[in-house]
Amino acid sequence: MPLLQVTDLVKHFPVRGGVLNRVIANVHAVNGVSFSVARGETLGIVGESGCGKSTLGKAILRLHDATSGKIAYDGTDITSLKHRDMIPFRRRLQIIFQDPYSSLNPRMTVKAMLREAIRFHEIVPNTELDTYIKSMLAKVGLPDDAMNKFPHEFSGGQRQRLGIARALALKPEFIVADEPVSALDVSIQAQVLNLLMDLKDEFGLTLIFISHDLKVIEHFCDRVLVMYLGHIVEEIRCEDLLDEARHPYTQALLGANPINDPADRRPLAVLEGDVPSPFDPPSGCPFVSRCSIAVEKCQTMPPLEQHSDSHRLACWER
Amino acid sequence: MNDTNTILRVNHLSTCFKTDRGVVTAVDDVSFEVERGETLGIVGESGCGKTVTSKSIMRLLPEQISFLKPESEVLFGGVNLAFAPEKHMRTVRGNKIAMIFQEPMTSLNPVFTVGWQIDEALKYHTTLDRGGRNKRAIEMLELVEIPNPVERIDEYPHQLSGGMRQRVMIAIALCCEPDVLIADEPTTALDVTIQAQILRLMNDLKDRLGTAIILITHDLGVVAQVCDRVMVMYAGRAIEEAEVVELFHRPQHPYTKALLESIPKSGRREHGRRLPTIDGMVPSLFDLPVGCRFQDRCGFRDQLCIDQEPVLTTDPEHRVRCHHPLNSPASSDPVDGV
């Protein structure tokens, strides 16, 4: 049984306006996605800004309440659990945010920040708090004296390590990492990716790794969901990505990746146009307005179908 | 290098900031030149001085808190811009040397239409009349591939997507046909597919208009895609400069090599393997070591690196600032790590 099973998840954000402040439109952030994550697996979610990847990540943790659909974690349906019943799951499912500058409370020392959650969830007895916090900081490669410092005293990479320590301190099983390295410099990005990889092995974590950077996903994840405008358009194993990705959008993402070596410079495969507005998504295939192989049939929504054992695809033409 | 082709030459540029903790030198003795129709990449991590370099050229830094050291030279059109009067700078800025910034959201004025903002540059720098300027503005929007330019010209920045805004910025920058375009992280805030569109556009325009481009970025993939020559900066210093293929294939500075290795590569079947990293962090500009600025993070450090800062070699094909350069035919094998 998969650790996490998401079925037909929909998240719409109402937009209010007019004199009576009625709901005048819905932002279709996540539009009926289904997938599962096995224990110990790293699942990547890739897509451009506004494709719903972060909303999906937060909806899984119930940081957003889903409009409809079902989220089952370890056999329990957590979609509409009451606050009190949700508390044990809040410990088991953790998140690492993108921006290490705004996701840490600037008025709390590192110790206070970590202590708050550890005490609430009664992870260790109060007498062992200090030693436990120190051991967590050591795990993410921060010195002991970091305990009494404030977030502004750390660099970006160190703050992201703090974010990771905060998540890990609750002994979670499952972590959603939402663009954890996007705000970091390349040399620091590699340090944090390696750290995540080590910790995943050490603690036996299951990870959802959200990123707009297909190269990072390809390197780090076992499987990837490609999202476009709130839909999953393709799901594929990362090792098959280059040879077997079929969806024109996945191929466009691969083609838009800048090259590794200036010697084999080629014109970038450029996808024309912009992502359509999620206020008013096209009724058929979400990608139809930018697709080079679109035909009449694409005005209706292609279903996400099993293409092979480990490969799902939503495209009429491929 | 053919001297007549050089359009902009920067010599010994040093930019200092006055802070509460004393004076820091954010850019320290940096020299380079750009040729007509060439794209020079300036690469480095945050705080290495790449943006300060570009703003120093344009003299956009606040004079109350910053100054250029007297030996700094920015030679353009026979004038040293580093100490040219503000009146002269006004004829250069946005006209002969133009700049596009990282954040298209914040660098466009939200209360004026796109057309007004293009018109502003034309009004100051050309003799065109109103009708002529309007025509030119529409041509510029066409040039940067904005659909329906006649309608778009009356829209406000918030009505455009991020990619469109960056196109408008490029249109404003290019409307006076500048000799040099400085692009400071022009695609960092954009999605990959939009980034590809903008990079292609910049390349096309360079070929068509012969503009020299200084592209400032931290993304080595972007450099590989569009630059002809690259200068790598670290903690305020230029540490290596070479033609792009030479730099990627035979990096001589250990920092450049490590930087190239630390990016995840697509399609190399390196899935799940640890990435080579550069341990530690960039030193603080307040507390720079006596010797090489990269010494704390370098595997090849020896006593010489601690005692003495290396000088930048003068080989025009490949300049490097290292006591133990890698891949260099002139030097013997590097000393093993300490």
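Which residue of strand 2 of chain B stands opposite Cys16(B)? The partner is Thr25(B). The model is predicted, and the report below takes the two chains, their strands, one helix and the contact between the chains in turn.

## Overall build of the two chains

Chain A contains nine helices and 12 strands. Its C-alpha atoms occupy a box of roughly 70 × 60 × 45 Å along the principal axes. The radius of gyration of chain A is 21 Å, which agrees with the value near 20 Å that a compact globule of 318 residues would have. Of those 318 residues, 43% count as buried. Among contacts in chain A between residues at least 6 apart in sequence, 64% link residues at least 24 apart.

Chain B contains 12 helices and 12 strands. For its 338 residues the globule rule gives 20 Å, and the radius of gyration is 21 Å, close to that value, so chain B is as compact as a globular protein of that length. The box filled by the C-alpha atoms of chain B is roughly 70 × 50 × 45 Å along the principal axes. Buried residues make up 45% of the 338 in chain B. Where contacts in chain B join residues at least 6 apart in sequence, 64% of them join residues at least 24 apart.

## An open sheet in chain A

Four strands of chain A form an open sheet, in the order 2-1-4-5 and with antiparallel pairing. At the edges are strand 2 (22-37) and strand 5 (76-77) of chain A, each of which pairs on one side only.

Inside this order, strand 1 (residues 4-17) of chain A pairs with strand 4 (residues 68-73) of chain A in the antiparallel sense, over five bridges. In that strand 4, Tyr73(A) stands opposite Leu4(A).

## Strand 1 of chain B and its partners

Strand 1 (residues 6-19) of chain B runs antiparallel to strand 2 (residues 22-35) of chain B, and 10 bridges join them. The connection between these two strands of chain B is a hairpin through two residues. The pair named at the outset, Cys16(B) and Thr25(B), stands across strands 1 and 2 of chain B.

Strand 1 of chain B also has antiparallel bridges to two other strands. Three bridges join it to strand 4 (residues 66-68) of chain B, and four join it to strand 5 (residues 73-76) of chain B. Cys16(B) has Phe67(B) as its bridge partner in strand 4 of chain B, in addition to standing opposite Thr25(B) in strand 2 of chain B. In strand 5 of chain B, Glu73(B) is the bridge partner of Asn11(B). In a regular strand, side chains alternate between the two faces of the sheet.

## Helix 4 of chain B

Helix 4 (residues 114-125) of chain B has 12 residues, which at 1.5 Å a residue should span 16 Å; the end C-alpha atoms are 18 Å apart, which agrees. Its buried residues are Val114(B), Gly115(B), Ile118(B), Asp119(B), Ala121(B), Leu122(B) and His125(B). Seen down the axis of helix 4 of chain B, the buried residues fall within an arc of 160°, so they line one face of the helix. An α-helix has 3.6 residues a turn, so residues three or four places apart point the same way.

Against what do these buried residues of helix 4 of chain B pack? They pack against helix 5 (130-143), helix 6 (149-152) and helix 7 (162-174) of chain B.

## Contact between the chains

The contact draws 37 residues from chain B and 34 residues from chain A. On the side of chain B that touches chain A, the elements giving two or more residues are helix 8 (192-209), helix 9 (220-226), helix 10 (244-249) and helix 11 (254-261) of chain B. Helix 8 of chain B gives the most, with seven residues. By class, this side of chain B has 15 nonpolar, 15 polar and seven charged residues.

Gln195(B) lies in helix 8 of chain B. Is Gln195(B) buried or exposed? Gln195(B) counts as buried because 25 C-beta neighbours lie inside 10 Å, where the cut-off is 20 or more. Apart from neighbours within four places in sequence, Gln195(B) is in contact with Ala256(A), Thr187(B) and Leu190(B). Asp287(B) is 92 residues from Gln195(B) in sequence, and their C-alpha atoms are 37 Å apart.

Definitions and conventions:
Residues numbered from 1 in each chain as written. Chains lettered and ligands numbered in written order. Predicted model: local features only at pLDDT ≥ 70, side-chain atom pairs only at ≥ 80, totals over all residues. Rg over C-alpha atoms; globule rule 2.2 N^0.38 Å. Buried ≥ 20, exposed ≤ 12 C-beta atoms within 10 Å, placed from the backbone. Contact = placed C-beta atoms within 7 Å. Pairing = 2+ DSSP bridges. Nonpolar A, V, L, I, M, F, W, Y, C, P; charged D, E, K, R; others polar. Expected span 1.5 Å × (residues − 1). Arc of directions from axis to C-beta.
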